[in-house]
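Student: Please take a close look at one part of this model, the packing of its helices and the pocket beside them. Begin with any odd backbone spots, and spell out the cut-offs as you go.

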Amino acid sequence: MARSLDDLLAEGVTGRRVLLRADLNVPLDGQTITDDGRIRASLPTLQALREAGARVLVAAHLGRPKGAPDPRYSLAPVAARLGELLDAEVPLAADVAGDDARARAAALGDGDVLLLENVRFEAAETSKDDAERGELADRLAALADVYVDDAFGAVHRRHASVYDVARRLPHAAGRLVAAERDVLTRLTTDPARPYVVVLGGSKVSDKLGVIEALLPRVDRLLVGGGMCFTFLAAQGHGVGTSLLEADQVDTCRRLLAEAGDRIVLPVDVVVAPEFSADAPTTTVGVDAIPGDQMGLDVGPRTVELFGRELGGARTVFWNGPMGVFELAPFQAGTRGVAEAVAAVDGLSVVGGGDSAAAVRQLGLDEAAYGHISTGGGASLEFLEGRELPGLAVLED
Ligand code: ADP
Ligand code: MG
């Protein structure tokens with residue numbers, strides 16, 4: 001078991017410089033943070049370290065800059081929001097692990113927080129080359145005495161600030177990483193039954209790994225979102241202009257043949273002639289999708305059907321919106337399923353960046369869920385049973 005934050009605090013961190021890898025990869029509209037959920041999820045570990053008198057250097061990434069400084073991906077808005085939430089000054093270093101970061105790290109006082117600039121401004125962060133990542137990890141490690149990983153959303157990445165740096169410093173798992181690991185372990189080890197998984201989102205191909213891994217273990221797999229159309233096509237339905245992955249139809253057909261009794265597909269969908277909030281919408285049965293229209297949400301009979309399946313569940317994992325919830329006319333399916341998941345009498349876990357954002361954007365009560373995972377890809381890979389480099393490295 002990885003060393004916990006409490007183990008580290010018990011050793012004493014007063015005056016020690018702690019490099020904290022956090023997941024602060026929030027959605028931005030220009031310079032405005034549209035959902036600060038990940039920043040808030042990083043606070044418990046950060047606060048605990050500050051209160052214990054650590055000098056905290058936070059490393060994080062934002063978006064996908066091309067391995068060089070790019071003002072569009074500066075962590076400046078994040079530093080400002082973090083400062084508000086902590087009610088403290090959170091200066092932003094001008095670089096990741098260069099002269100400015102070094103000078104500011106040296107000047108930190110007990111309980112102070114410094115945010116390093118976007119780690120992906122360094123091409124080495126995501127490099128496949130061990131030596132390149134190692135060189136950046138050396139510079140990061142030189143800034144601190146201890147490493148704490150709390151960036152659950154990045155633990156599936158063999159990146160310098162996630163993996164290599166942990167091999168260079170004494171390390172511990174932050175509270176968020178530990179909580180994610182524990183709750184996802186409950187989903188993979190002897191879940192209370194019935195165990196129902198709801199999958200949606202855009203692409204089947206993104207989620208085939210998790211579907212294959214979960215199907216033998218679940219009592220029901222409810223499929224909505226854009227990916228349901230490839231399954232519906234595999235059943236022989238016309239899906240009009242809906243999202244369809246033609247190269248996955250055979251795979252879906254095989255899955256239906258193997259586990260069709262456990263896979264539940266929509267019975268009705270909301271269609272529109274185009275992907276737009278102003279397009280006229282119609283609700284149709286899945287056997288009557290017009291050839292020139294696209295399915296952008298599941299329909300009310302499907303919400304009812306999925307609600308019945310969820311009503312009896314004792315363990316639920318939900319990943320992927322049921323429809324294009326970003327557009328008001330196609331929100332009802334996601335809202336209905338989100339409400340049914342919230343009402344589950346047992347463990348309910350929401351995974352996936354867009355799903356978590358949907359819960360908040362639709363104004364649903366986050367506290368009604370057992371756990372809302374901050375990591376989309378990471379939580380899916382964990383459930384697939386893959387080894388996650390960022391977790392494995394904390395074990396030794
Ligand atoms: P998560 O981040 O929760 O894992 P995904 O990234 O897989 O979810 O998918 C989220 C996206 O799927 C959303 O942007 C949503 O608009 C889209 N989506 C859901 N249903 C449909 C649909 N019927 N057609 C096209 N896109 C869809
Ligand atoms: Mg997503």
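Tutor: Asp 87 lies in the loop between helix H4 (76-86) and helix H5 (99-106); helices (H or I, at least four residues) and strands (E, at least two) are DSSP runs numbered from the N terminus. Although Asp 87 is not a glycine, its phi is positive, about 55 degrees. Residues are numbered from 1 along each chain as its sequence is written, while chains are lettered from A and ligands numbered from 1 in the order in which they are written. The model is predicted, with local features needing pLDDT of at least 70, side-chain atom pairs counting only at pLDDT 80 or more, and totals for chains, interfaces and linings using all residues; side-chain values use heavy atoms, leaving out hydrogens and water.

A second backbone detail is at Pro 194, in the loop between H8 and strand E8 (195-199). The peptide bond leading into Pro 194 from Arg 193 is cis, with omega near 0 degrees.

Now the helices. Two packed helices are described by the angle between their axes and the distance between the axes. Here axes are lines fitted to C-alpha atoms, for helices over the stretch in contact, and angles between N-to-C directions run from 0 to 180 degrees.

The axes of H8 and H15 come within 9 Å and cross at roughly 40 degrees. H8 is therefore oblique to H15 (under 35 degrees counts as roughly parallel, over 145 as roughly antiparallel, 65 to 115 as roughly perpendicular, the rest as oblique). The crossing of H8 and H15 is right-handed (the near helix is turned clockwise from the far one by less than a right angle; anticlockwise would be left-handed). Arg 181, Leu 184, Thr 185, Leu 187 and Thr 188 of H8 make the contact with Ser 379, Phe 382 and Leu 383 of H15, where contact means heavy atoms within 4.5 Å. By class, these residues are four nonpolar, three polar and one charged (Ala, Val, Leu, Ile, Met, Phe, Trp, Tyr, Cys and Pro count as nonpolar, Asp, Glu, Lys and Arg as charged, and the others, Gly among them, as polar).

H15 also packs against H9: their axes come within 8 Å and cross at roughly 35 degrees, in a left-handed sense. Lys 207, Gly 209, Val 210, Ala 213 and Leu 214 in H9 meet Leu 380, Leu 383 and Glu 384 in H15. That contact has five nonpolar, one polar and two charged residues. Glu 384 belongs to helix H15 (residues 376-384). Neighbours within four places in sequence aside, Glu 384 touches Gly 209, Val 210 and Ala 213.

H9 (residues 204-214) has a further partner in H11 (residues 249-259), with axes coming within 12 Å and crossing at roughly 30 degrees. H9 is thus roughly parallel to H11, and this crossing is left-handed.

Finally, the second largest pocket holds about 170 Å³ of space. Its lining comprises Arg 181, Thr 188, Arg 217, Phe 382, Gly 385, Arg 386, Glu 387, Leu 388, Leu 391, Ala 392 and Glu 395. Helix H8 (175-188) and helix H16 (389-395) are the elements giving two or more residues to that lining, and H16 supplies the largest share, three residues. The lining divides into four nonpolar, two polar and five charged residues. On a 1 Å grid over the protein atoms alone, a pocket is an open set of points where a 1.4 Å probe fits, with protein on both sides within 12 Å along at least five of seven lines, and lining residues have an atom within 4 Å of a point. Points are joined across faces, edges and corners, and volume is the space filled by probe spheres set on them.
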